[in-house]
Amino acid sequence: MSKTEFIIYFSITLMVVGFILSVIYSFVDSKSDSKEKRLETLLPGINCGQCGYPGCSAYAKALAAGKAQPNLCKPAGADIAIQLSSAAGIEISEGDNYEEQLFAPRQVAYIHESTCNGCGKCKRNCKVDAISGLLKQPHIVDPEECIGCNECISACPQKCIELIRLDHNLSHFNWNIHSVQI
């Protein structure tokens, strides 16, 4: 066998082995965490941490392992909780009907303008762009946009941001009672 024939046979054998290994890997990879991937696609993906996990992928992993309840994602709402429970195979108890979320006002961030120096760190860390303001001037939070994720609170060096509960009124009632995908 000549050197050229050896290189051709070696190359063909290497490609065939590589193809077989890639097919095996893709099959094993898709079977190992397909439940986790399905659960993660149902979640809003904003990684706010309101569920108690450091992000949507960690929450999906806990759901797939059966270590978390499907009703912890508050921004997703009741409809997604029902979809998560059916996808994860976990039943939601009858008491988890989100009555308190429908009638109780949300918690939103509030910036104390007297202590805000306008550094803008809160604005850069806001995942939903609910904070507005110019540099070196006090910033404000739009309560209609804020999801209460605490990211701005942890980013503020002045510690001038706190979560406040909005007053009870009809504008905070969820008339549609369906979740909003973000």
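**View 1. A nonpolar surface patch that includes Val28.** Welcome to the first close-up: Ile8, Ile12, Met15, Val16, Val17, Phe19, Ile20, Leu21, Val23, Ile24, Phe27 and Val28 together form a nonpolar patch on the surface, with about 1,200 Å² of accessible area. Patch members have over 30% relative accessible area and no salt bridge, with like charges joined within 9 Å and nonpolar side chains (Val, Leu, Ile, Met, Phe, Trp, Tyr) within 5 Å. A salt bridge here is a side-chain nitrogen of Lys or Arg within 4 Å of a carboxyl oxygen of Asp or Glu. Areas come from the Shrake-Rupley method with a 1.4 Å probe, and for residues only the protein chains shown count as cover. This is a predicted model, in which local features need pLDDT of at least 70 and side-chain atom pairs count only at pLDDT 80 or more, while totals for chains, interfaces and linings use all residues. Residues are numbered from 1 along each chain as its sequence is written, and side-chain values use heavy atoms, leaving out hydrogens and water. Val28 sits in helix α1 (residues 3-32); helices (H or I, at least four residues) and strands (E, at least two) are DSSP runs numbered from the N terminus. With a relative accessible area of 49%, Val28 is partly exposed, where buried means under 20%, exposed over 50% and partly exposed in between (1.4 Å probe, protein chains only).

**View 2. The rings of Phe6 and Phe10 in helix α1.** The whole structure holds 2 aromatic pairs. In the pair shown here, the ring centres of Phe6 and Phe10 are 6.3 Å apart and the planes meet at 20 degrees, so the pair is stacked. Rings of Phe, Tyr and Trp (its six-membered ring) pair if their centres lie within 6.5 Å; planes under 30 degrees apart count as stacked, over 60 as edge-to-face and the rest as tilted. Phe6 and Phe10 are 4 residues apart in helix α1, which means a separation of about one helical turn. Phe10 is partly exposed, at 49% relative accessibility.

**View 3. Cysteines without a disulfide.** A search of the whole structure turns up 0 disulfides, a disulfide being a pair of cysteine sulfur atoms within 2.5 Å. The sulfur of Cys56 has its closest cysteine sulfur in Cys73, 5.9 Å away and therefore too far for a bond. Cys56 is buried, at 10% relative accessibility. Cys122 is in no disulfide either, and its nearest cysteine sulfur, that of Cys116, is 5.9 Å away. Cys122 is buried as well, with a relative accessible area of 6%.

**View 4. The surroundings of Cys119.** Cys119 lies in the loop between β1 (107-111) and α6 (121-125) and is partly exposed, with a relative accessible area of 27%. Neighbours within four places in sequence aside, Cys119 is in contact with Arg124, Leu135, His139 and Pro157; contact means heavy atoms within 4.5 Å. Cys119 and Leu134 are 15 residues apart in sequence, and their C-alpha atoms are 8.7 Å apart in space.

**View 5. Positive phi at Asn150 and Lys159.** Most residues other than glycine have a negative phi. Asn150 has a phi near 75 degrees; this residue lies in the loop between β3 (140-141) and α7 (151-155) and is partly exposed, with a relative accessible area of 38%. Phi of Lys159 is near 55 degrees. Lys159 is placed in the loop between α7 and β4 (161-165), and is exposed at 60% relative accessible area.
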